[in-house]
Amino acid sequence: MIRYFVQNPVATLMLTLVFVILGFVSFFNLNIEDTPKVDFPIVNIKVVYPGASPLEIEQQVIKKIEDAISEISEIKKLHSFAYENFAMISVEFNLGVMANIKSIEVKDKVEAIIKDLPEKAEKPIIEKFDPLVKPVAQLVLLSDGQYSESELYEYADKKLRTKLASIKGVATIELSGGKKRQINVEVDAKKLANHYASITDIIQALSYKNLNIPGGSIEKSEKNISVRFVGEFENIKKIEDTQVASREGTSFRLGEVAQVVDGSRDAETIARYDGKSVVTLALKKASDGNAVSVVNALKKAMPKLSENLPKGLSLAVAADGSKKIVDDTKEAMVNILFGILLTIIILYLFTGDLKVTMIAVLVIPTSLIATFLLVDASNFSVNMMTLMAVGTALGTLIANAIVIIESIIVKLKEGLPPQEAAIAGTKVVAVAVFASTMTNVVVFTPIGFMGGIVGQFMKQFGLTVVYTTLFSLLTTFTFTPMLCGLFLKHRPEEKKFIVTRWMDYLCDFIVSEYSTVLKIILKYKKSTLLLCIISLYAVKAIVPYIGNEFFAQFDQEKINVSLTMPKDSTLERSSNSAKKIEELLKKIPEVTHVLTTIGHNGLENTSITVDLTPAKSRRSDLEIINELIPLLATIPDAEISMSRGEGKAGAASDFSIDVYGSNYDEMVASAEKISEIMIKSGFFRSLSLSHKMPKTEIRFLPDEKAMLSYGVTNVQVAQTLRASVYGDDSNIFREDGEEYKINVELDKNYRNRPSDVKNISILGTKGLVPLLKLGKNFFAESIPPLQRRDRTRIIKIESFLSKSTAGEVQNLLKKEFNTLPFSPGHGYHFSGNAEMQEESSREIGKAFILATILTYMVLAALMNSLAYPFVIASTIVTGMTGVFLFLFFVGHSINIGSMLAIVMLVGLVVNNAILLLDLTLTKLNEGLLPIDALLFAGRERLRPILMTTIAIIAGTLPQLFTLHTVKASMASVMIGGMMASTFFTFIMIPPLVIYLERAKSFFSR
């Protein structure tokens, strides 16, 4: 077969070009994403219950829904959140289940108990949830001052949103900031009392008047004529003219007792961009959309959108979610190309032959490009994992190309014609190349089928490496020998470039010196092995000093500041505190833009996204955070946390702990003790608890006798109280096809003091009666927001590290936490990234064991020996010494990237041993003594092994200097592992072979 490909270069070229062309086409078909698309089996249930406290939400909504859905199979985790007016239940199922089917099951279970939910609770919203979905872009609509916040929001909502929604790939658009238009009916309580009516009479009158109802149809001759009652409000004047009936039998105009204002509802959120009030529009892509394409389409549409804006309005891109994707992709591509370039330079320095170098230039990219054919066929995308896979597989491509070319050059020097040399040279190393390539396949295949969430991310990584490796194997036995047979010729020694001559002298010197060293090693075999074992064991001492974490953080040119004010804070108070932070941020020279959003998930919450100048031209983001910490600490009553990147929307906190139990007060005490230990440890720059100090509320306790005496029911009091203070927006005003709420409430003059509540009038059988005569008002602490996990209350502690890594800190703190006295049924557990790290470590550990076993099985089958694969496998252990030493001295941690690289090393580090042992066994079969066979193999294989090792390290080197810490740690593992395994291959393998041969001789007697 090899002979056919070498002797038919046109056919071989056409076969290769088929895969290259299809690979090119496939590459341009691929979506470009930040991470692989993962089908998270998570279903969210949202229920709005206006006016309900967190405790009422928990008791009347969450528990009932939890009880109903707990019967569904395959539930992994159940998270519930009880806020004021709002409940959210998140159901996470085991991986592998059909999320759409489970979503239907959840919907059926919830709909079955809707009647058991409170009457005022809105219909539950049930939807699938993807935690990785983030806005691909955020736009800000600014005004020069001539537009009100309501007009700004109105244009963004009714005009701009529609235009943006037409952009291909855009799924939803979320608005923040501004004020939503609303028709406000502000009731004068005194005037209303004079007419002997209550606020509920006004609400009823509006609902009776504001009707538009079809009345059927009438058939006349051959025509069908529709009948419709039209009574909807045509304008604001019609609302003012609404007649309200009093209990005295008279009526009055609404305008006599209330002021009707075409205004806005109270602001729910505030958005600012660089200190200016704006409305933000967050664009989210469809699940199958391409973020880069969406943003590119948006940028093309921006000039036209800006041109059509009313005078005084402007539009700007505040956040571009595709920038990071494009930058990371470009950086990965540049690193791969730079790695190939370094490899080619290394190859030229070793061979001094430009033709050999050009063959490598053609062979290596061929396999990489062809890989995208299978990547596209597998419905993968160009993302962080597939690009890392291509960079990883580069080592295999380099090794195979160098081994084949070096072997063919040897045959040319022996005097064989070019084509015969290509055939013979390929055959000599065919078994070794096939063995080393198949070890890569069996190593990375388990990674492609790992379990857990981490397995979903690793699937594209593992299988992409497998695809690249298989194409490498194809080109190794077809395209590479064909090119060598076509272009390489044995020529008398020519004068080489000075650097290549130096490289030849260096290689010759190393080979001659190694021969001397090898004789010493074989003379003192026991001492050599003992020293190797001691050095392996000694490295164990530095392992505890290497950090470990799930995902290594890196500079993303953004900082997120999260601000939480006390629970009783108004939106204005939160805004004022946010302004102080914005003023402090102006003093930081590296800050370019500041986007502030106030009021999401509570009036007390603020999120500030800070854009920084490019990372390469400034100090690190951590230094900026450390400078900000003492400045932000001066803001009173504020709970502030800072994170690298885009904050909690994009990534979880560094460190999470769930405190659980049955007694909430005990849970609070335990959480505070744990927080105190964490603060004293000095590892954290910020820390927050989900338990907040409760805010004060006014409670009304009805007097049953008084209520009965005045002929008033609880429902009447509750409805009147809510409408008077909170308002009632059940009526709708329609204009130009749009709907706006009509909100009825007491004028602010009658509800701006706590004492005003007791004067609210309720209409009973004995006439109007103030609330104070029907019961008593008293101040009490409201229940703070509650969190539950797996149907048990929890208090979540979230924190961000200022130093060290999560794994190290967790081990240190666990010892102190375990000394705390917990009541039965109470305790804590690490959650968030800690759970992900535990799961990923477990799954990667399984993959490592399976990869090692499969590697052994492949080697045993190819070498027809059960013993020699153990000798080769010893390089896996020796490679770990270099891994830990390199990680320690470079300062990288053990994380998801470095753990994956360790698994990858199983397939790479054995290659050197395979090359050395393959030739040794060949010479043993030819009758040489073990010592002579080892000396011969050592001399012959030292040069190609050095070439492949240096080339692999050179190909990985650019990745070591990237700002992306996960990629850099992978490079550290591969470089350290390759260096150590190469060293120990030449030191430890020869004595092991001698002892193994002696054992075979002993047992064969």
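**Helix packing, a sheet and two buried residues**

Colleague: Which residues of helix α27 are met by S840, S841, I844, A847, F848, A851, T852, T855, L859 and M863 in α25?

Modeller: This is a predicted model, in which local features need pLDDT of at least 70, side-chain atom pairs count only at pLDDT 80 or more, and totals for chains, interfaces and linings use all residues. Residues are numbered from 1 along each chain as its sequence is written, and side-chain values use heavy atoms, without hydrogens and water. Helices are DSSP runs (H or I, at least four residues), as are strands (E, at least two), numbered from the N terminus. Contact means heavy atoms within 4.5 Å, and the partners in α27 are I896, M899, L900, I902, V903, V906, I914, L917 and L921.

Colleague: Are α25 and α27 roughly parallel or roughly antiparallel?

Modeller: Helix α25 (residues 833–863) and helix α27 (residues 896–925) have axes 10 Å apart and pack at an angle of about 15°. Axes are lines fitted to C-alpha atoms, for helices over the stretch in contact, with angles from 0 to 180 degrees between N-to-C directions. Angles under 35 degrees count as roughly parallel, over 145 as roughly antiparallel, 65 to 115 as roughly perpendicular and the rest as oblique. The two helices are therefore roughly parallel.

Colleague: In the open sheet of 4 strands, which are the edge strands?

Modeller: The order of this sheet is β12-β7-β24-β23, with mixed pairing; two strands pair if DSSP finds at least two bridges between them. Each edge strand pairs on one side only, and the two are β12 (258–264) and β23 (728–735).

Colleague: What is the bridge partner of N184 in β12?

Modeller: Strand β7 (residues 181–187) runs antiparallel to β12, with 7 bridges joining them. In β12, N184 is partnered by V261.

Colleague: Which strands does helix α23 lie across?

Modeller: Helix α23 (residues 714–725) runs at about 110° to β24. The strands that α23 lies across are β23 and β24.

Colleague: Is I359 buried or exposed?

Modeller: I359 is placed in helix α12 (residues 354–377). Leaving aside neighbours within four places in sequence, I359 is in contact with I405, L483, C484 and L488. Because its relative accessible area is 2%, I359 (buried means under 20%, exposed over 50%, partly exposed in between, with a 1.4 Å probe and protein chains only) is buried.

Colleague: What relative accessibility does S515 have?

Modeller: S515 lies in helix α17 (residues 498–523). Not counting residues up to four places away in sequence, S515 touches L935 and R939. S515 counts as buried because its relative accessibility is 12%.
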